[in-house]
Amino acid sequence: MKMKMKMRMKMLSLVVAAFLGGVLSGAATERPNIIVMLCDDLGHGDLSCYGHEIIKTPNLDGLASGGLRFTDCYAASTVCSPSRAGLFTGRNPNRAGIYDWIGGGPVHLRREETTLPALLQKAGYATMLSGKWHLNGRFNQPDLQPTPGDHGFDYWFATSNNAGPNHHNPQNFVRNGKKVGKIEGYSSSIVVQEALGWIDGRKEKKKPFAVFLTFHEPHQPIASPPDLIKQYKPFETIPGQADYWANVAQVDRAVGELLKGLEDRKVRDNTLLVFTSDNGPEEWMRYPGVWNSHGTPGAVDGVPFRGWKLDVFEGGIRVCGIVNWPAEIKQGRVVSVPICATDLLPTLCEVAEAKVPANLHLDGTSIMPLICGGDSLTRSAPLFWFYYNARGYANFALRDGDYMLLARRTGPQYRAGTPYTPDRFPGIGETTVRSAELYNLRTDPMEVVNLAKKEPDRLKAMQVQLEEQLKDIQKTAPSWRKDNEEK
């Protein structure tokens, strides 16, 4: 309650200052700087603060112990492009027509979408993207599709998808529309150093800044520092494990570089940091002869989660979630209230005093009550996921309290990992729900005991909630096939 009152008083003082002297014209330095860190394919259990017994992540552990560590944090999707669309828009990614990972072609985050960086930019923040974008089928072709700069980034340093040819000495970065060429070093450190350089060189230094660090690690193809690989080799039981563990440790090393940079610049105290992942770890064979099952989906009390990336089971969508803000969060806490990446837009807009359009339909909700010390959160609708191309049983997931409803869609199931094409995935409008299962995640995190017959009333009620959300999304979700036919 004290923290909540303090936040309200701070906001009130800013409003009064703005009224008296126009302080909030775009340079309100009392508002926090914001840094969002997003990993690629990092499992819920891949950090030592989330229970990994081998990987050492002291910098991230420190952020968790000094801030909030969320046990029930979710990605917006179980695969990269939709997950990023959900994070940037605060909406279910299907509303934006980002139904699967983008492999090329017409699919992109449309110009008319309202994004978090654009709202922060409008509120007077200097904004920057460094890392993976993956929201364009035709990356860096501004005449055909919007660039990161069109979605609210003053400065962007990005790759279309993965770092190429791998995380070491990448050659495919583009800086504000211009190809950079080969850069020496490891991708996570490169994107951090680019961000620190931008913080130093930005023109309007009185503005607070918002940086989005979208790490490529630990997505394949992996390349890790030899000293870290050597550190983990003694524990390796399957070829490739040490490389993967070292890759996660390299992300932690880059986070350490970021924290030191913020401290050196004397901005650490009033910088709000968020660390999470775009989906669960990858299991299937992406490259010939390379079976990437070294990531850890996570567990509760030793009971592992079901599924991986490309599943809407817990292992595919539950991820690590850390929030650290020294100026406001004085004591570390572990929070079990479910949150989602779609919550970032309303949360950070509240912190930044950025106005969200009244007619914008958000699926996320502000988690400021939790940041301010509360232990509950009120949502207008349960958390909801839909993925056409899911593996296993389910395409739909809906979480309400401790319960998770899993459901299958009508029509054929597609091979997991196949990229989105307009002909194969015309849009969410042709989708209906076929069958459903019910699980209590507090007592059954593995999602093994189907309670559908035991709790038919709850099953029916959650099915209604799921179908209502699906129908609402179907009203406006675009059909890329229709768009192509019209062109």
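Biologist: Is histidine 44 buried or exposed?

Modeller: This is a predicted model, and every value is computed from it. Buried means under 20% relative accessible area. Histidine 44 has a relative accessible area of 4%. That is under the cut-off, so histidine 44 is buried.

Biologist: Where along the chain is histidine 44 found?

Modeller: Strand E1 covers 33-39, and helix H2 covers 58-65. Histidine 44 belongs to neither element. Its place is the loop between strand E1 and helix H2.

Biologist: Which backbone oxygen does the side chain of histidine 44 reach?

Modeller: A polar contact needs N or O atoms within 3.5 Å. The side chain of histidine 44 comes to 3.1 Å from its partner. That partner is the backbone oxygen of threonine 71.

Biologist: Which residues does histidine 44 touch, not counting residues up to four places away in sequence?

Modeller: Thr71 is among them, and the side chain of histidine 44 reaches its backbone oxygen. The list also includes Tyr50 and Phe305. In full, histidine 44 touches Tyr50, Thr71, Thr296, Pro297, Gly298, Phe305, Arg318, Val319 and Cys320.

Biologist: How much space lies in the second largest pocket, and which residues are closest to its centre?

Modeller: The space in the second largest pocket is about 220 Å³. Its lining has 14 residues. The closest to the centre are His44, Thr71, Ala299, Val300 and Arg318.

Biologist: How do the residues of that lining divide by class?

Modeller: Arg318 is one of the residues closest to the centre of the second largest pocket, and Arg counts as charged. The lining of the second largest pocket divides into 6 nonpolar, 3 polar and 5 charged residues.

Biologist: How much space lies in the largest pocket, and which residues are closest to its centre?

Modeller: The largest pocket holds about 270 Å³ of space. It is lined by 21 residues. Those closest to its centre are Leu362, Asp363, Ala381, Pro382 and Gln469.

Biologist: Which elements give two or more residues to the lining of the largest pocket?

Modeller: By class, this lining has 9 nonpolar, 7 polar and 5 charged residues. Two elements meet the mark of two or more residues. They are strand E16 (383-386) and helix H11 (456-474).

Biologist: What is the volume of the largest cavity?

Modeller: The count comes to 5 cavities of 30 Å³ or more. The largest cavity is lined by 15 residues, and Cys73, Val274, Ile339, Cys340 and Leu344 lie nearest its centre. By class, its lining has 12 nonpolar, 2 polar and 1 charged residues. The volume of the largest cavity is about 120 Å³.

Biologist: Which strands each supply at least two residues of that lining?

Modeller: Cys73 lies near the centre of the largest cavity, and strand E3 covers 73-74. The strands that each supply at least two residues are E3 (73-74), E9 (271-277), E13 (321-324) and E15 (339-340).

Biologist: How many disulfides does the chain have?

Modeller: A disulfide needs two cysteine sulfur atoms within 2.5 Å. For cysteine 49, the nearest cysteine sulfur is that of cysteine 320, 7.6 Å away. Cysteine 49 is in no disulfide. For the chain, the count is 0.

Biologist: Is cysteine 49 buried or exposed?

Modeller: The cut-off for buried is under 20%. Cysteine 49 has 18% relative accessibility, so cysteine 49 counts as buried.

Biologist: Which peptide bond has omega near -5°?

Modeller: Most peptide bonds are trans. The bond from glycine 164 to proline 165 is cis, with omega near 5°. Proline 218 sits in the loop between strand E8 (209-214) and helix H6 (226-232). The cis bond with omega near -5° runs from glutamate 217 to proline 218.

Biologist: What is the phi of histidine 134?

Modeller: Most residues other than glycine have a negative phi. Histidine 134 is not a glycine, yet its phi is positive. Histidine 134 is buried, at 1% relative accessible area. Its phi is about 55°.

Biologist: Is glutamate 353 buried or partly exposed?

Modeller: Glutamate 353 also has a positive phi, about 60°. It lies in the loop between helix H9 (344-352) and helix H10 (368-371). Buried ends at 20% and exposed starts over 50%. At 26%, glutamate 353 is therefore partly exposed.

Technical notes. Residues are numbered from 1 along each chain as its sequence is written. This is a predicted model: local features need pLDDT of at least 70, side-chain atom pairs count only at pLDDT 80 or more; totals for chains, interfaces and linings use all residues. Side-chain values use heavy atoms; hydrogens and water are left out. Helices (H or I, at least four residues) and strands (E, at least two) are DSSP runs, numbered from the N terminus. Buried means under 20% relative accessible area, exposed over 50%, partly exposed in between (1.4 Å probe, protein chains only). A polar contact is a pair of N or O atoms within 3.5 Å; within protein, one must be able to donate a hydrogen and the other to accept it, and residues adjacent in sequence count only if both atoms are side-chain atoms. Contact means heavy atoms within 4.5 Å. On a 1 Å grid over the protein atoms alone, a cavity is a set of points where a 1.4 Å probe fits but cannot get out, and a pocket is an open set with protein on both sides within 12 Å along at least five of seven lines; lining residues have an atom within 4 Å of a point. Grid points are joined across faces, edges and corners, and a volume is the space filled by probe spheres set on the points.
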